[in-house]
Amino acid sequence: MAEQVLLYDTTLRDGMQGEGMSLSVDEKVRVAHALDGLGVHQIEAGFPSSNPKEEALFAILAGETFAHADIAAFGMTRRRDVAAGDDPGLRTLAGCFAPVCTLVGKTWSLHLEKVTRVDPEENLRMIEDSVAFLVGEGKRVIYDAEHFFDAYRDDDDYALRCLVTALEAGAENVTLCDTNGATLPGAIGGATARVLEALGTGVQVGIHTHDDAGCGVANTLVAVVNGARLVQGTMNGYGERCGNANLTTALADLQLKLGFKCVTPEQMARLTETAHLVDELCNVTPNPNQPYVGANAFAHKGGMHVAGVNRDARTFEHIDPADVGAGRRMLVSELSGKGTVQERATKTGLSLDEAGASRVVDRVKDLEHRGYHLEAADGSFDLLIRRETGDYEPLFRLESWRVIVEKRETGRVETEATIKIWVDGERYVRTAEGNGPVNALDCALRSAIGETYPHLHDIELVNFKVRILDERKGTGAVTRVLLDASDGHETWGAIGVSENVIEASWDALVDSLEAGMLPGRADHVRGGVAPTQAPAR
Ligand SMILES: [Zn+2]
């Protein structure tokens with residue numbers, strides 16, 4: 001039987017250290033569910049500090065159900081001169097709902113001497129107390145041995161003592177970290193093998209690597225081959241500097257090439273979809289050349305390749321693309337298998353027959369070709385289904401809109417939008433100022449239709465992402481705008497695509513408001529008071 005290797009994802013913590021990476025609380029929750037769907041065993045959500053964003057994240061996660069994954073909270077060993085039970089960080093970890101706590105601690109004598117100036121014996125006591133305290137509080141503890149491979153090279157005896165101390169204090173796993181990402185596979189493999197030998201059987205060892213030497217995944221694999229059974233990494237290899245070990249690549253390598261068991265084949269078939277969804281949420285352009293999941297990973301050019309693949313795929317394809325859900329390339333086509341479309345329709349209270357579902361699928365494919373990405377825009381997707389079932393009712397009819405942006409000599413920029421629309425046979429002309437064209441349009445539109453639809457006051461735009469789809473064309477390229485809106489209960493996404501960034505934004509804006517007014521969404525309103533119904537038309 002294939003040996004099990006556990007996947008430990010740190011996209012939400014280590015991944016967020018990468019340049020320009022940022023996720024809202026809701027997006028983090030969506031990432032967590034996507035990882036759960038992929039079969040990841042542990043999801044590190046960060047430190048549950050009193051910072052409002054982290055607090056909100058842990059509060060939401062505590063109420064979510066995950067099919068496979070356990071949530072892990074991350075923190076540090078106790079401070080030098082404080083008892084573990086009095087250390088604020090450890091108390092926070094103990095009090096948080098997460099069943100797993102990952103503690104990072106020092107292992108490298110050079111670090112102790114030069115950076116923290118903690119006596120090596122005191123450091124061991126810090127490890128021991130901290131792990132024992134959390135275990136006593138009912139937590140499962142993973143000990144992350146920071147700089148382990150540098151530490152082991154300099155003073156193997158002390159580095160091992162750190163691990164043994166954590167294990168004796170009750171840690172269920174000790175993870176060897178190549179924190180600087182500087183170690184090469186040979187050294188990682190050798191050290192891991194010797195650690196396993198020294199610790200004896202029944203000890204679970206993990207591996208956490210970075211890609212500074214271009215060996216993040218290779219180092220992960222060689223550690224597993226030498227006995228590590230838990231793999232830490234991030235989706236698409238996000239992370240500070242050159243990134244963490246790419247968990248999407250490592251997972252496929254471990255399972256499809258090395259024969260370890262990480263996830264079920266059905267979960268593996270979600271790899272491409274999950275990798276792209278997480279990219280989408282992080283507003284990162286998916287790397288087309290990424291192993292297994294990149295758009296080019298199984299693209300064939302040149303007559304001989306194509307002929308070869310047609311005769312026998314093995315001649316030019318190293319795995320069956322279907323194993324990792326590739327070849328279906330974009331999210332939307334797969335999201336819009338007829339069954340999925342019908343399921344979504346039912347969920348939003350509509351019935352859609354086979355023929356209608358086929359039309360939605362065709363429409364989605366067409367939109368996708370033009371740069372839409374409906375996976376991250378569930379609000380727009382709901383509207384699209386309604387257009388097919390005949391249940392779509394626009395909030396208004398547009399006559400025209402116009403935006404003026406004026407920059408003054410003083411450097412001041414002023415924006416003004418005018419919209420002309422029709423609601424219930426009545427014409428509204430409204431002008432509004434805003435801090436940018438989208439904001440001005442939003443203000444003008446809301447002032448025109450806000451009276452008819454009071455629920456709109458509860459809808460806030462919480463996220464605005466712009467992506468240039470064809471970067472080679474520069475300012476003439478197609479722009480995609482993703483907007484997230486929320487009514488305080490639920491968040492949904494809307495999308496617009498156009499060569500004109502303001503038009504793309506407008507389309508996304510209108511979708512976000514219309515989706516927010518759909519039955520089901522419009523029903524809940526702040527304070528639990530039912531909204532005034534929109535007049536029947
Ligand atoms: Zn790291």
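**Entry 1: the largest pocket**

I began with the lining of the largest pocket and sorted its residues by class: 11 are nonpolar, 12 are polar and 17 are charged. A reminder to myself before going further: this is a predicted model.

Next I looked up how much space the largest pocket holds, and the value is about 1400 Å³. The lining counts 40 residues, and those closest to the pocket centre are Arg30, Arg344, Lys347, Glu375 and Asp378.

Which element gives the most to this lining? I found that H1 does, with seven residues. Other elements supply at least two residues each, among them helix H12 (271-281), helix H15 (338-347) and helix H17 (378-389). Two strands are also on that list, E13 (479-486) and E14 (491-498).

**Entry 2: the cavity**

I then turned to enclosed space. Rolling a probe the size of a water molecule over the atoms shows where empty space is left. The structure has one cavity of 30 Å³ or more, and I noted about 40 Å³ of space for the largest cavity.

Which residues line the largest cavity? I wrote down Arg30, Leu281, Ala376, Lys465, Leu482, Leu483 and Asp484. By class, four of the lining residues are nonpolar, three are charged and none is polar. Strand E13 gives the most here, with three residues. I also spotted a familiar name: Arg30 lines this cavity, and Arg30 is listed among the residues closest to the centre of the largest pocket.

**Entry 3: looking for disulfides**

A disulfide is a covalent bond between the sulfur atoms of two cysteines. How many disulfides does a search of the whole structure find? It finds zero.

I wanted to know why, so I checked two cysteines, Cys101 and Cys262. For Cys101, the closest cysteine sulfur is in Cys96, and at 5.6 Å it is too far for a bond. For Cys262, the closest cysteine sulfur is in Cys177, 19 Å away, which is also too far for a bond. Both cysteines are buried: Cys101 has a relative accessible area of 0%, and Cys262 has 2%.

**Entry 4: a covered helix**

Is helix H10 mostly covered or mostly open? I found it mostly covered, with nine of its 11 residues buried. The helix runs over residues 247-257, and its buried residues include Leu247, Ala250, Leu251 and Leu254. Some residues with polar or charged side chains are on the buried list as well, including Thr248, Asp253 and Gln255.

I also looked up what does the covering. Among the elements over the buried residues of H10 are strand E1 (6-9), helix H9 (216-225), strand E8 (230-233) and helix H11 (265-268). H1 and H12 take part too, and both also supply residues to the lining of the largest pocket. After H10 comes Gly259, with a positive phi near 80 degrees.

**Entry 5: positive phi outside glycine**

I noted two residues that are not glycine and still have a positive phi, Tyr292 and Asp424. Phi of Tyr292 is about 65 degrees. Tyr292 sits in the loop between H12 and helix H13 (303-311), and with a relative accessible area of 3% this tyrosine is buried.

Phi of Asp424 is near 50 degrees. Asp424 belongs to the loop between strand E10 (413-423) and strand E11 (426-434). Is Asp424 buried or partly exposed? At 39% relative accessibility, Asp424 counts as partly exposed.

**Entry 6: two more residues**

Thr479 is in strand E13, and a relative accessible area of 5% makes Thr479 buried. Beyond its neighbours within four places in sequence, Thr479 is in contact with residues including Val466, Ile468, Val497 and Ala504.

Asp458 is in the loop between helix H18 (437-449) and strand E12 (460-468). Although Asp458 is in a loop, it counts as buried at 12% relative accessibility. I also compared its place with Ala417: the two are 41 residues apart in sequence and 22 Å apart in space, C-alpha to C-alpha.

**Entry 7: how far to trust the model**

Last, I checked the confidence. The chain has a mean pLDDT of 89, and 91% of its residues reach 70 or more.

Where does pLDDT stay under 50? I found residues 328-335, with 28 contacts beyond four places in sequence, and residues 524-537, with 25 such contacts. Where pLDDT is low, the predicted coordinates should not be read in detail. I keep that in mind for helix H14 (331-335), which supplies at least two residues of the largest pocket's lining.

Methods
Residues numbered from 1 in each chain as written. Heavy atoms only, no water. 1 Å grid on protein atoms, 1.4 Å probe; cavity = no way out; pocket = protein on both sides within 12 Å on 5 of 7 lines; lining within 4 Å. Points joined across faces, edges and corners; volume = space filled by probe spheres on them. Helix = DSSP H or I, 4+ residues; strand = E, 2+ residues; numbered from the N terminus. Nonpolar A, V, L, I, M, F, W, Y, C, P; charged D, E, K, R; others polar. Disulfide = S-S within 2.5 Å. Buried < 20%, exposed > 50% of the residue type's maximum accessible area, 1.4 Å probe, protein only. pLDDT = per-residue confidence, 0-100. Contact = heavy atoms within 4.5 Å.
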